[in-house]
Amino acid sequence: MGAELIDGKAFAARLRARIAGEVAALKAAHGVTPGLAVVLVGEDPASAVYVRNKGKAACEVGMESFEHRLPAEVSQADLLALVARLNGDPAVNGILVQLPLPAHIDEAAVINAISPEKDVDGFTVLNVGRLATGQRAMVPCTPLGCLMMLRDRLGPLGGKDALVIGRSNIVGKPMAQLLLADSATVTVAHSRTQGLPDLCRRADIVVAAVGRPRFVQGDWIKPGAAVIDVGINRTEAGLVGDVDFDAARRVAGAITPVPGGVGPMTIACLLANTLTATARVHGLPEPD
Ligand code: NDP
């Protein structure tokens, strides 16, 4: 008996279809079209692909997409001026500055210049603080997608033992906050953690965000556990996750594949956040 596959691609397609319906309804009832601005600095090919996919996904659900490409040598002042312009533009409801930024730019200064109400990545300190204190926040897309899949599969997460492997600002930490807000008992592991396999064997929920191919072993998984694999690692064998999928799926109750798990949900959640930001700015009921 193998684990149930959590099909992120299908889940994301349903979410996008729902968003498209809500965007159409918003237009019809209020004449409002959600707008997403994506800022790309430099020529990094992976970032260029992400930016293109995000813009395309926004258009597909009927949103307006604004793409801003700046040369790698753009000054911090010019980048901040663009962010300020987008903050003040009523056609723009969501702003995303693709990371990483070139080394001469202070990434935190640029991110924190984004209006928190338009911060659809949820990376500004204000939104991080709101999430941590249980206030209405914009939640980072990748962990939000993971949470949606976990709730869908497990129902309420209260009292579950959850292990998050990784403590980055974009995945591990917000994931831990979201699980905590849902009343799971949360452990956060990182490169200095001792006895990781045993911590993992206790966990009903494992979220792996490490960036090391097949790092989490099959015999670390508690029978029946839900395993969310955030990792995207390019290897000679193709794209693989942070979990040894073939071994883990024999033990787990449910598991996300790579590709086709967390990845598609991340973009769908970006659209969901853009819709939420639009509803909030117009004082309309928020989508579920
Ligand atoms: P980071 O490199 O920022 O963080 C990796 C984390 O893993 C760090 O906290 C690090 O610990 C921890 N770690 C490293 N080695 C070990 C170890 N031996 N044992 C335990 N923990 C360890 O990565 P991200 O969080 O940005 O991304 C993680 C993965 O998720 C990557 O593969 C990335 O490509 C992928 N990703 C996928 C997304 C998607 O949409 N599917 C979106 C974002 C990321 P320490 O802090 O001590 O260094």
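The following dialogue discusses how to read the fold and the ligand shell of a predicted model.

Me: Which secondary-structure elements does the protein contain, and how many of each?

Reply: A count of elements is a sensible start. The protein has 10 helices and 11 strands. Its radius of gyration is 19 Å, close to the 19 Å that the globule rule gives for 288 residues, so the protein is as compact as a globular protein of that length. Along the principal axes, the C-alpha atoms occupy a box of roughly 50 × 45 × 35 Å.

Me: How is the protein divided into domains?

Reply: Domain bounds here come from an automatic or database assignment. Domain 1 covers residues 31-117, and domain 2 covers 141-263. The centres of domain 1 and domain 2, taken over C-alpha atoms, are 29 Å apart.

Me: What percentage of the residues is buried?

Reply: Burial is read by counting neighbours: a residue is buried if 20 or more other C-beta atoms lie within 10 Å of its own. In this protein, 45% of the 288 residues are buried. As for contacts between residues at least 6 apart in sequence, 67% join residues at least 24 apart.

Me: Which residues of the shell are closest to the ligand?

Reply: The ligand is surrounded by 25 residues, the closest being Gly166, Ser168, Ser191, Gly211 and Thr266. Helix H10, residues 262-281, gives the most to this shell, with three residues.

Me: What is the make-up of the shell by class?

Reply: Around the ligand there are 12 polar, 10 nonpolar and three charged residues. In this classification, Gly counts as polar.

Conventions. Residues are numbered from 1 along each chain as its sequence is written. This is a predicted model: local features need pLDDT of at least 70, side-chain atom pairs count only at pLDDT 80 or more; totals for chains, interfaces and linings use all residues. A residue is near a molecule or strand if its C-beta atom, placed from the backbone, lies within 6 Å of it. Helices (H or I, at least four residues) and strands (E, at least two) are DSSP runs, numbered from the N terminus. The radius of gyration is taken over C-alpha atoms; the globule rule is 2.2 Å times the number of residues to the power 0.38. A residue is buried if 20 or more other C-beta atoms lie within 10 Å of its own, exposed if 12 or fewer, and partly exposed in between; C-beta atoms are placed from the backbone. Two residues are in contact if their C-beta atoms, placed from the backbone, lie within 7 Å.
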